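User: I would like to go through this model term by term and see what stands behind each label. Please set the values against the definitions as we go.

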Amino acid sequence: MSHPQRLRDQSDFDQLPDNIPVSATIADTEEKRGFIYYFRFVIEVKTKGGSKYLIYRRYREFFNLHQTLEAKYSPGDSERPGPNTCVLPSLPGKIYIGNKQEIAESRIPELNTYMKRLLHLPAWLLHDETLRIFFYQTEEDSQQQPRALRRLRPPTRKVKAVEPPKMDLFSSPRAEAMFDFRGNSKAELNLKRGEVIFLLRRVNADWLEGTVNNQTGIFPESYVKIIKALPESDSEGNGGGHTYSCLRCYLLTPSGVETRDVCVQEDLSIQPSYKDLLSRMRNVFKVEDIALNYRDPEGDLVRIIDDEDVQMMIEEARRQKGKVKRPVNQFSWELHVTMASDLSVYNCEA
């Protein structure tokens with residue numbers, strides 16, 4: 001694929017509306033009893049614009065989605081797809097015998113992989129009505145009360161308690177609990193629907209730290225409605241934690257552009273070393289022979305070869321920050337990952 005084609009694919013993604021889903025992760029399974037007994041998957045969907053919400057889907061709905069997409073877009077010859085066809089990811093098959101909960105739990109890794117690959121197909125397919133309806137949060141979805149969300153919980157660690165500040169009800173960052181939440185440990189807050197939580201800092205992409213009823217702890221963002229967001233300067237928290245930051249990564253290959261949004265707070269410092277950043281990208285994209293790059297103000301790719309280049313990338317991102325509208329603390333940097341041997345994509349090098 002030529003360089004102009006790579007740029008066009010990236011441009012196609014940039015032009016997608018902000019409400020298009022770009023990633024989805026199964027947060028938990030929930031049992032449903034009624035006329036029939038089954039398990040459904042609680043899925044956290046994140047959109048291109050940075051918003052996120054929960055949807056509830058059965059395996060049967062995954063199967064129906066896949067059947068519809070196959071009928072529309074699967075090429076007759078997988079080796080020679082046409083302009084309106086693409087090779088769809090594989091969906092785990094039906095299982096008719098066994099414990100329903102064990103079957104649902106065993107499907108989680110495969111379904112996560114299926115959704116990840118589905119949402120990284122060509123940008124034009126993300127406009128498909130069937131696909132958008134599947135990932136759309138219906139009124140019924142929005143009225144459901146999530147439970148444990150086990151797979152979104154941050155790693156167990158000691159939370160540094162901070163002295164709750166004197167609250168100004170009209171200016172302090174705060175959120176309202178939309179559902180009851182019972183913490184699993186002393187580090188997690190117990191919330192009741194309607195309570196106002198004063199926000200202290202962001203823990204990671206899915207969890208916040210705050211104070212309510214003279215108690216300080218962490219809680220899932222999915223359980224609350226943000227009334228006033230944390231200012232960017234407060235993301236480090238009064239306790240001196242790391243600033244939460246998200247790195248938007250583009251893997252440029254002959255087959256197209258793959259986009260990932262990577263939270264760098266858990267594994268990397270706010271200014272990672274070149275070695276750590278390279279290792280993280282190899283792990284994210286599962287490719288060893290890669291090079292790291294960023295775009296300069298003229299749009300040229302500049303190769304990163306050491307810690308000094310990483311610092312230059314960060315400084316350039318800060319200079320451009322006021323010119324590009326992004327959600328608070330989201331996508332602070334953009335990193336372009338290429339094959340190490342591919343020099344054709346460069347207009348200039350560091």
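User: What share of the 350 residues in the chain is buried, and what makes a residue count as buried?

Analyst: Buried residues make up 46% of the 350 residues in the chain, where buried means under 20% relative accessible area, exposed means over 50%, and partly exposed lies in between (1.4 Å probe, protein chains only). This is a predicted model, in which local features need pLDDT of at least 70 and side-chain atom pairs count only at pLDDT 80 or more, while totals for chains, interfaces and linings use all residues. Residues are numbered from 1 along each chain as its sequence is written, and side-chain values use heavy atoms, with hydrogens and water left out.

User: Why is C86 called buried?

Analyst: C86 has 6% relative accessibility, and therefore counts as buried. C249 counts as buried too, because its relative accessibility is 0%.

User: How many disulfides are there, and by what rule?

Analyst: A disulfide is a pair of cysteine sulfur atoms within 2.5 Å, and by this rule the count comes to zero.

User: What makes β1, β2 and β3 a sheet, and which are its edge strands?

Analyst: Two strands pair if DSSP finds at least two bridges between them, and strands here are DSSP runs (E, at least two residues; helices are H or I, at least four), numbered from the N terminus. The three strands form an open, antiparallel sheet in the order β1-β2-β3. Its edge strands are β1 (21-32) and β3 (52-57), since each pairs on one side only. Between β2 (residues 38-47) and β3 there are six bridges, and K46 has K52 of β3 as its bridge partner.

User: Which helix lies across β2 and β3, and at what angle to β3?

Analyst: Helix α2 (residues 59-73) lies across these two strands, running at about 95° to β3. The axes are lines fitted to C-alpha atoms, for helices over the stretch in contact (heavy atoms within 4.5 Å), and angles run from 0 to 180 degrees between N-to-C directions. Helix α3 (residues 100-118) lies across β1 and β2, at about 175° to β1.

User: What is called a nonpolar core here, and how many residues has the largest one?

Analyst: A nonpolar core is a set of buried Ala, Val, Leu, Ile, Met, Phe, Trp, Tyr and Cys residues joined through side-chain atoms within 4.5 Å. The largest has 32 residues, and F41, F62 and F135 are among those with the most contacts inside it. Its largest share, six residues, comes from α3. A second, separate core of 18 residues includes L251, M281, I290 and V310.
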